[in-house]
Amino acid sequence: MVVDDEEFNISSMKAILFKIGANVEYQCDFCITGQEAVDQVKIVNTMGFKYSIILTDIQMPIKDGITATKEIREYFDSIELKREDQPKIIGVTGHVLEVFYRQGNEAGMDEIVAKPLYI
């Protein structure tokens, strides 16, 4: 799943995923808010599926990637899904400030990657 409020970033991620062999029409979901991502994770899980990886922007309106990550981790913890069986969550941001790395790690992100704004 890719979560980003910027259409350009979603289009870029689609192109990257396609280039590495993903079928972006059938293997990937795209959300534009953190709330949409939390809801989608729950829906997919109740259908018996789960995401392998979630790439989420750190800052978004409605619900940011840090808050969404925390809620996704809390959801999986509440159904007693072991951390190693949960999706990997990678924060993707244009920021390089240490505070975003710390907040992402505290929320349960597996990694935070700073992306140049021109990608």
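These legends go with a set of close-up views of a predicted model.

Before the views, some housekeeping: local features need pLDDT of at least 70, side-chain atom pairs count only at pLDDT 80 or more, and totals for chains, interfaces and linings use all residues. Residues are numbered from 1 along each chain as its sequence is written, and side-chain values use heavy atoms, with hydrogens and water left out.

**View 1. The whole chain, with four helices and five strands.**
Reading from the N terminus, the elements go β-α-β-α-β-α-β-α-β. With a radius of gyration of 14 Å, close to the 14 Å that the globule rule gives for 119 residues, the chain is as compact as a globular protein of that length. (Helices, H or I with at least four residues, and strands, E with at least two, are DSSP runs numbered from the N terminus; the radius of gyration is taken over C-alpha atoms, and the globule rule is 2.2 Å times the number of residues to the power 0.38.) The C-alpha trace spans about 40 × 35 × 25 Å along its principal axes. Buried residues make up 41% of the 119, where buried means under 20% relative accessible area, exposed over 50% and partly exposed in between, with a 1.4 Å probe and protein chains only. Of the contacts with a separation of 6 or more, 60% are between residues 24 or more positions apart; a contact here means heavy atoms within 4.5 Å.

**View 2. Strand β3 and its two parallel partners.**
Four of the five residues of β3 (residues 53-57) are buried, so the strand is largely enclosed by the rest of the structure. β3 pairs with strand β1 (residues 2-3) in the parallel sense over two bridges, and with strand β4 (residues 88-93), also parallel, over five bridges. Pairing calls for at least two DSSP bridges between the strands. Keep an eye on Thr56: Val3 of β1 stands opposite this residue, and so does Gly91 in β4.

**View 3. The β3-α3-β4 crossover, and Thr69 on its helix.**
β3, helix α3 (residues 65-78) and β4 make a right-handed β-α-β unit. Right-handed means that, with the strands pointing away from the viewer, the path from the first strand over the helix to the second runs clockwise. Thr69 is found in α3 and counts as buried at 1% relative accessibility. Neighbours within four places in sequence aside, Thr69 is in contact with Thr56, Ile89, Ala107, Gly108 and Met109.

**View 4. Helix α4 and its buried side.**
In α4 (residues 98-107), Phe100, Gly104 and Ala107 are buried. They cover an arc of only 65 degrees around the axis, which puts them on the same side of α4; the arc is that of the directions from the helix axis to the C-beta atoms. Their cover includes α3 and β5 (111-114). On the face turned away from the buried side sit the exposed residues Glu98 and Glu106. After α4 comes Gly108, with a positive phi near 115 degrees.

**View 5. Two loop residues with positive phi, Ile62 and Glu80.**
Most residues other than glycine have a negative phi. Ile62, in the loop between β3 and α3, has a positive phi near 75 degrees. Ile62 is exposed, with a relative accessible area of 73%. Glu80 lies in the loop between α3 and β4, and its phi is positive too, at about 60 degrees. At 71% relative accessibility, Glu80 counts as exposed.
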